[in-house]
Each structure stands twice: as C-alpha cells, then as structure tokens.
Amino acid sequence: MKQQIAIMSLLFTIICANNAKAQQPNMQDKPGFIFGLTGGLSAPGGNYTKTDFNDPKSGFAGPGFNIGVTGTWFINKNWGINALISYHSYSFKGLQVLADGFKDAFAIDSSTVNTQGSNYSMNFLVGPYYSLPIGKKFSFDSRLLVGLVNAHLAGMQMFFEDQAASTFTQKESTANTFGLQLGIGGRYAISKHSGIMLNIDYFYSKPDFSINYENRNNNAGRWITSYNEPIAGLNTNLTLYYILHP
Amino acid sequence: MNLASITFYDLNIHFKKTKKTMKKKKIILLASIFTLLICWSACNKKETAIAPPLPGNEALTTMIITATNAGDSTDVRTAKWIELDPTGATPPDTSLAVLNLKKNASYNVTIQLLDSLTDVTPEIKDRENYHLFCFDVSSGLNLTCIQTDKDTNPTPLPIGLTDLFTTTAVSNGHVEVTLHHQPNVKNGDCAPGSIDMDCTFTVNITN
C-alpha cells in the first residue's frame with residue numbers, strides 16, 4: 001500500500017512538474033497574437049511646444065500622456081503585423097506668456113486667458129513588428145507604424161480688463177492627417193500568457209489646423225488663421241500584454 | 001522515497017509557486033498603478049493665466065494739434081493742451097489750447113501726444129488698430145473734422161492722428177478731442193472702449 005501511494009504521489013509530482021513547466025514562458029516559441037494595453041508619458045517637442053507670443057509657429061503645448069490598445073499578429077517567431085489605436089493628450093505651456101502678450105499687444109491693464117478643450121490626437125496606426133527573443137523571458141521588439149491621425153487643437157478665450165464686449169475666443173480646431181510611429185522596446189514575460197513591455201516610440205504627424213475666432217475684431221497681438229506644425233516627440237510607455245499561442 | 005519526504009517536496013514546490021505568483025501579481029499591480037497614475041496626473045484640466053495690472057502706469061500729459069492750411073503751406077497753426085498732474089487734482093493748462101483758423105479753409109491736421117517730454121505718438125501709431133481720435137464740435141462752430149488715416153484692421157478703420165479740418169463761416173467755439181482706447185472693440189464708432197485722453201481746445205474761425 002505504501003509503495004502504491006508512493007508511486008501515485010511520484011506520478012502526481014511528475015505531472016504537476018510537467019504542467020508547471022508547460023506554463024513557463026518561452027520567448028523562443030512563436031506567439032500567435034499579442035494583445036496589449038499601453039499607457040505612458042508623451043513628450044512632444046519642436047514648434048508645437050514653443051511659447052513665443054510673436055511666433056505664429058508656437059503651439060503652447062506641453063508634455064502629456066497617451067493610452068491605447070495594441071495588437072500584434074505574428075507571421076513567424078520574429079515578424080508580425082502590429083496595429084495601435086491610441087489617444088494622446090498634451091498639456092498647456094506658456095499660458096502666462098499669452099496673457100502677458102495680449103495685455104501688451106492691446107495696451108490694457110490686465111488680461112485673462114482661459115483654455116477651452118484640450119490638445120489631443122487619436123491615432124489609428126498599423127505596420128510591421130519585429131521581435132528578437134533573448135532567452136526565454138525577454139525579447140527586444142521594434143515596430144514602424146503608419147496611419148491616420150485625428151488631431152485636435154485647444155481653444156482659448158481672452159478676457160480684457162473689465163470689458164465683456166472685448167472678450168474674444170480662438171475656437172477649438174480639428175484636423176485629419178497621416179502619422180507615423182517608430183518604436184523599440186523590451187518585452188518581459190511574466191507567465192506563458194502575460195507580460196509587460198517598456199517601449200519608447202517616436203511619433204510624428206503634421207495636421208493642418210484651420211483656426212477660427214469668435215468676436216475677434218481688431219488686428220493686434222497673436223492672430224493665426226492656420227497652424228501647420230509637426231506634432232512630434234517621444235512616448236515612454238508601459239504595456240501590459242496577453243499572448244494567445246497558436 | 002517515503003511519504004513524508006514527498007509531502008515536504010510538494011510543500012516546497014507549492015511555497016515557491018505561491019511566492020512566484022505573488023511576485024507576478026505585484027508586478028502587474030505596480031504596472032497598473034503606474035499607468036493609472038500617469039493618466040490621472042496628466043488628465044486635462046481647464047487652465048487659466050492672468051496678467052494682472054501693474055501700478056504706476058504713465059499718463060498722457062500733452063496733446064499738440066498742428067494745422068496746416070491746405071491752400072497755403074505757410075499758414076501753420078498750433079495748439080497745445082497740457083495736464084502734468086495725472087491725478088487731475090491740478091486743472092490742465094489750457095492757455096495754449098487755442099486754435100485760430102481762417103474761414104472757408106481746409107487744414108491738414110496732425111495730432112501729437114506727449115507723456116511728459118516723451119513723444120508717444122509712434123506708440124499710438126503702433127497701436128492704431130484699437131485707438132481712435134474723436135472730435136466733438138460745439139454747436140455754432142462752423143468746423144468739420146474728418147480722420148484721414150486708416151488702421152490695418154481686416155476692415156480698415158479711421159485713426160485720427162491725421163485729419164482734415166474744414167471751416168466755413170466766422171464763428172467761435174470748442175472742439176473736444178478724445179483719444180479712445182478700444183481693445184478688440186474698435187468698430188469706427190466712438191462709443192466702445194475707454195478714453196485715454198480728453199482735451200478741449202478753443203477754436204476761433206476768423207477772416
């Protein structure tokens with residue numbers, strides 16, 4: 001009886017051990033499909049973040065965040081097709097420069113600038129994905145994505161002194177354009193089906209916004225009728241992913 | 001191999017697996033918290049910036065009107081209105097604020113503004129798109145005043161730094177010259193905005 005129990009226990013242990021081994025991640029295996037939730041910091045640069053009141057190229061945007069969903073279908077162990085739907089939001093920068101600028105430009109005692117809406121973009125991108133496994137739990141990944149970008153430029157309302165009639169508004173604006181995203185990252189498998197990825201992506205788009213105003217009567221200070229500067233910079237993201245093996 | 005040793009082995013594996021699972025859960029939890037924190041901290045908020053008033057704004061002290069007869073360039077008339085006390089406690093010096101014009105004549109007029117001894121006329125010219133000179137002629141005075149310069153607003157509007165004064169019959173009276181500050185409300189009328197300067201000149205139209 002003891003021997004039977006011992007044999008049964010040994011078999012059970014072997015099965016358990018095998019099963020546990022089967023649950024261990026192995027980057028060397030070809031993944032079928034990877035689905036991920038991604039989010040992180042977005043740091044745009046260039047004219048989009050400039051805060052020069054007299055430069056019409058200044059975008060008065062600051063760093064923000066991005067969140068999105070991503071999916072990669074693997075053709076083989078290394079190559080796949082990646083799709084990304086993401087939302088980028090950028091903060092405001094240099095609003096005081098705008099307030100001071102309008103105060104000076106209209107020779108008024110005081111001015112107040114209120115933002116309306118936000119600077120954001122919705123990206124729908126697709127492109128090739130390359131994964132280079134390093135050991136069983138880690139891989140270096142890279143991707144090049146292109147697609148459509150729906151960008152939005154925040155509006156602003158300017159109050160001058162105590163004269164309600166002089167208040168004018170730069171309306172919010174939306175533009176569609178093509179964009180690209182180029183990224184590299186390190187993917188770490190926590191289990192056979194899940195893991196995390198730290199990636200850095202360069203993003204670029206150049207939407208052509210048409211700017212309209214409400215109650216803008218006199219030509220003084222910053223008055224732009226269009227804004228066509230690149231929205232480009234770096235995303236630093238953390239992605240939680242789930243793998244479906246073939 | 002006895003039963004006791006197998007049980008201990010199983011426990012050991014179970015303990016290691018539990019530890020591993022907890023580690024994984026911790027990583028996922030931390031990653032989720034990190035992502036949520038990023039989104040929360042970067043969430044868009046309506047922002048406001050205020051440029052507050054600065055004390056001690058300089059006041060305009062002097063207005064000089066120079067009128068040149070369109071038919072006789074040697075006929076140049078000048079009038080000066082001075083108020084050196086920006087508080088208004090001391091009345092303005094109007095001893096030189098007298099403009100003597102000939103009847104049935106046209107005068108090309110220029111207006112110059114001083115801040116103490118500094119000529120600020122170029123500043124007004126720079127800010128022409130929201131400044132306007134208006135002329136209020138007293139009844140009985142046979143004088144018409146028309147601004148001849150235009151600003152650079154989308155629809156050009158008069159400024160009044162240069163004007164055309166036209167006289168008819170002999171008469172006496174006053175003309176009140178006001179400089180209107182109309183930030184983003186300038187529309188060609190005198191009503192909107194505030195008044196930067198208000199000067200009254202005596203006008204004598206003679207033979």
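In strand β11 of chain B, B:Val203 is the bridge partner of B:Leu99. The model is predicted, with local features requiring pLDDT of at least 70 and side-chain atom pairs pLDDT 80 or more, whereas totals for chains, interfaces and linings use all residues. Residues are numbered from 1 along each chain as its sequence is written, and chains are lettered from A and ligands numbered from 1 in the order in which they are written.

β4(B) pairs with β11 (residues 194-206) in the parallel sense through five bridges; pairing requires at least two DSSP bridges between two strands, and strands (E, at least two residues) and helices (H or I, at least four) are DSSP runs numbered from the N terminus. In chain B, an open sheet of four strands with mixed pairing follows the order β4-β11-β10-β7. Its edges are β4 (98-102) and β7 (131-137), each with a single partner strand, so one side of each lacks a neighbour in the sheet.

Chain A contains two helices and 14 strands. Of its 246 residues, 40% are buried (20 or more other C-beta atoms within 10 Å of the residue's own, with C-beta atoms placed from the backbone). The largest nonpolar core (buried Ala, Val, Leu, Ile, Met, Phe, Trp, Tyr and Cys residues joined through C-beta atoms within 7 Å) has 28 residues, and those with the most contacts inside it include A:Leu95, A:Phe102 and A:Met158. Two or more residues each come from β3 (79-92), α2 (95-105), β6 (138-153) and β7 (155-160) of chain A, with α2(A) giving the most, five. A second, separate core of 26 residues includes B:Ile65, B:Ala79, B:Leu101 and B:Leu161.

Technical notes:
Buried ≥ 20, exposed ≤ 12 C-beta atoms within 10 Å, placed from the backbone.
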